[in-house]
Amino acid sequence: DPIDHVAQQYASELAELLNKGRLTNAYEKLVLIAEPKFLGILRAALDKNTALLVVQSINKELLDVKEEDLEKYLQ
């Protein structure tokens with residue numbers, strides 16, 4: 001399925017970016033928020049050490065939340 005392929009590809013790219021952030025100490029812990037199917041794909045794409053920094057996973061679609069409202073929404 002082309003949509004699944006694109007999701008897998010994006011998850012791999014995001015996992016690589018998160019891994020680089022871990023290696024440069026850009027963060028100490030992660031909270032992942034994504035719709036359930038993509039969240040599973042992303043978690044599977046994370047390397048072991050990056051996955052250990054995930055302190056919470058939230059199955060939530062945030063497409064309807066405006067970027068400027070995102071921080072307030074997540075609090």
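Leaving out neighbours up to four places away in sequence, L42 is in contact with A11, L14, A15 and L32. That little list is a handy way into this predicted model, since L42 also turns up among the residues with the most contacts inside the largest nonpolar core. The core has 14 residues, and L18, L32, F38 and L46 share that well-connected status with L42. Two or more residues come from each of α1, β1 and α2. As a general pattern, nonpolar side chains in soluble globular proteins tend to be buried together.

Stepping back for a moment, the protein chain has four helices and two strands. Read from the N terminus, the elements go α-β-α-α-β-α. The C-alpha atoms fit a box of roughly 35 × 30 × 15 Å along the principal axes. Out of 75 residues, 24% count as buried. The accessible surface adds up to about 5,900 Å², and carbon and sulfur atoms account for 53% of that. As for how the chain folds back on itself, take the contacts between residues at least 6 apart in sequence: 64% of them link residues at least 24 apart.

Now for helix α1, which covers residues 2-23. With 22 residues, α1 stretches 32 Å from its first C-alpha to its last, close to the 32 Å expected at 1.5 Å a residue. Where do the buried residues of α1 sit around the axis? The residues in question are A7, A11, A15, L18, N19, G21 and R22. They span an arc of only 150 degrees, so they end up on the same side of α1. The face turned away from that buried side carries exposed residues, namely P2, H5, V6, L17 and L23. On the buried side, the packing partners are β1 (30-34), α2 (36-45) and α3. Just past the end of α1 comes N25, with a positive phi of about 60 degrees.

Helix α2 tells a similar kind of story. Its buried residues are F38, L39, I41 and L42. Because these cover an arc of only 165 degrees around the axis, they lie on the same side of α2. They pack against α1, β1 and β2 (54-59). The N-terminal end of α2 has a cap as well: E35 places a side-chain oxygen 3.1 Å from the backbone nitrogen of K37.

The last stop is a patch of polar contacts involving α1, α3 and the loop that leads into α3. T50 belongs to helix α3, residues 48-51. Is T50 buried or exposed? Its relative accessibility is 1%, and since anything under 20% counts as buried, T50 is buried. Apart from neighbours within four places in sequence, T50 contacts L18, N19, R22, Y27 and L30.

One of those partners, R22, is part of helix α1. R22 comes in at 18% relative accessibility, so R22 is counted as buried too. The side chains of R22 and T50 make a polar contact at 2.9 Å. With the same sequence neighbours set aside, R22 is in contact with Y27, D47, N49, T50 and L53.

D47 is found in the loop between α2 and α3. With a relative accessible area of 27%, D47 is partly exposed. Once residues up to four places away in sequence are ignored, D47 touches N19 and R22. The side chain of D47 is joined to that of N19 by a polar contact of 3.4 Å. What does the side chain of D47 reach at 2.7 Å? The target is the backbone nitrogen of T50. D47 and G21, for their part, are 26 residues apart in sequence and 12 Å apart in space, C-alpha to C-alpha.

Put together, this corner has R22 in polar contact with T50 through their side chains, while the side chain of D47 reaches both the side chain of N19 and the backbone nitrogen of T50.

Definitions and conventions: Residues numbered from 1 in each chain as written. Predicted model: local features only at pLDDT ≥ 70, side-chain atom pairs only at ≥ 80, totals over all residues. Heavy atoms only, no water. Buried < 20%, exposed > 50% of the residue type's maximum accessible area, 1.4 Å probe, protein only. Contact = heavy atoms within 4.5 Å. Expected span 1.5 Å × (residues − 1). Arc of directions from axis to C-beta. Polar contact = N/O pair within 3.5 Å; in protein donor to acceptor, adjacent residues only side chain to side chain. Core = buried A, V, L, I, M, F, W, Y, C linked by side-chain atoms within 4.5 Å. Areas by Shrake-Rupley, 256 points an atom, 1.4 Å probe, with all protein chains shown as cover.
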